[in-house]
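Here is a walk through one protein structure, meant for someone who has not looked at it before. The sequence and the model come first, and the explanation follows.

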Amino acid sequence: MPVKVFGSPASAEVARVLTCLFEKDVEFQLIRVDSFRGPKRLPQYLKLQPHGEAITFEDGNVTLVESRKILRHIADKYKQQGYKDLFGPGALERASIEQWLQTEAHSFDIPSADMVYSLAYLPPDMPLDGRGAGGGLLPAAGMHPSHRQKMEEMLQLFEKSRKDLGKLLDIYDQRLGEEEYLAGSKFTLADLSHLPNADSLAADPRSARLIESRKNVSRWWYTISSHDSWKRVKELQRPPSAEAPF
């Protein structure tokens, strides 16, 4: 009986779990659920997450709704199949992986999601030069007050997330100058968990610089995003109209 994943591959929560399933060669059934389509949501299988993500994972009599707990479950239960180093061979390695999983969850996830959200709202041609919302970036006329207020809020959110991510990625860059991956010499859940939001950052030139301007982070990102597991998730994220014909 394959495990079941309810949600949209476009969700960071779902993408994170699917990547892990591919890495571990675990058979699964994906039940695509759009969390923004009213009655079609299948609410009995969904629990909304911060930033609007949603996933429900079923493995026999186990039901989980938080992606990092699901990663741990998959890596532990199926440790003897697929890629075997996701959760480390021993207590010392696992402690390091847990440390970076916590860092991703508490320090990377929110500012990266906030940056992606703000950039989705801000016009692509708007200069984001670090002067902030009060630095004259918005035109003085021709904008409805409510729209201007929203733009100001998004600029402030962008600036805050850029500062927070910049400080964090400086720490990452130092760490990745010492080790090939965050938790050591091998690709683990610590790296995998970053893939969805880091991919969104890398996809927009306005945020990609956060990665590209840091030599070690850039090398790390190129390496982990080249994994076949992530490429397969990216294929699942393509809209039906963009899928190659059979």
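In this predicted model, the axes of helices H1 and H6 cross at roughly 115° and come within 8 Å. H6 covers residues 195-203. On the H1 side the meeting residues are Ala12, Ala15, Arg16 and Thr19, and on the H6 side they are Leu195, Pro196 and Asn197. Sorted by class, this contact has four nonpolar residues, two polar ones and one charged one.

H6 also packs against helix H7, residues 205-212, at an angle of about 115° and with the axes 5 Å apart. Here Ala198, Ser200, Leu201, Ala202 and Ala203 of H6 meet Pro205, Ser207, Ala208 and Ile211 of H7. The contact of H6 with H7 has seven nonpolar and two polar residues, and no charged residues.

These helices belong to a protein with nine helices and four strands. Read from the N terminus, the order of elements is β-α-β-β-β-α-α-α-α-α-α-α-α. The protein has 246 residues, of which 47% count as buried. Its exposed surface is about 12,900 Å², and carbon and sulfur atoms supply 53% of that. Among contacts with a separation of 6 or more, 68% are between residues 24 or more positions apart.

Which residues have the most contacts inside the largest nonpolar core? They are Val17, Leu21, Phe57, Ile74, Tyr172 and Leu189, in a core of 56 residues. Helix H4, residues 145-178, gives the largest share of this core, with nine residues. At least three core residues come from each of domain 1 (3-84 + 233-237) and domain 2 (91-227).

Phe57 can serve as a way into this core. Leaving aside neighbours within four places in sequence, Phe57 is in contact with Val3, Lys4 and Val5, with Val17 and Leu21, with Val62, Thr63 and Leu64, and with Ile70, His73 and Ile74. Three of these partners, Ile70, His73 and Ile74, are also among the buried residues of helix H2, residues 67-77. The other buried residues of H2 are Ser67, Arg68, Leu71 and Ala75. As a general point, an α-helix has 3.6 residues a turn, so residues three or four places apart point the same way. The buried residues of H2 pack against helix H1 (12-23), strands E3 (56-59) and E4 (62-64), and helices H3 (91-121) and H5 (189-192).

Is Cys20 buried or exposed? This residue of helix H1 counts as buried because its relative accessibility is 0%, and the limit for buried is under 20%. Beyond its neighbours within four places in sequence, Cys20 is in contact with Leu71, Ile74, Leu86, Leu189 and Leu192. The C-alpha atoms of Cys20 and Ser229 are 7.6 Å apart in space, although the two residues are 209 residues apart in sequence.

Asp85 lies in the loop between H2 and H3. Its relative accessible area is 21%, so Asp85 is partly exposed; that class runs between the limits of 20% and 50%. Not counting residues up to four places away in sequence, Asp85 touches Lys186, Phe187 and Thr188. Asp85 and Lys186 are 101 residues apart in sequence, with 7.1 Å from C-alpha to C-alpha.

How values were computed. Residues numbered from 1 in each chain as written. Predicted model: local features only at pLDDT ≥ 70, side-chain atom pairs only at ≥ 80, totals over all residues. Heavy atoms only, no water. Core = buried A, V, L, I, M, F, W, Y, C linked by side-chain atoms within 4.5 Å. Buried < 20%, exposed > 50% of the residue type's maximum accessible area, 1.4 Å probe, protein only. Helix = DSSP H or I, 4+ residues; strand = E, 2+ residues; numbered from the N terminus. Domains from an automatic or database assignment. Contact = heavy atoms within 4.5 Å. Areas by Shrake-Rupley, 256 points an atom, 1.4 Å probe, with all protein chains shown as cover. Axes fitted to C-alpha atoms, helices over the stretch in contact; angles between N-to-C directions. Nonpolar A, V, L, I, M, F, W, Y, C, P; charged D, E, K, R; others polar.
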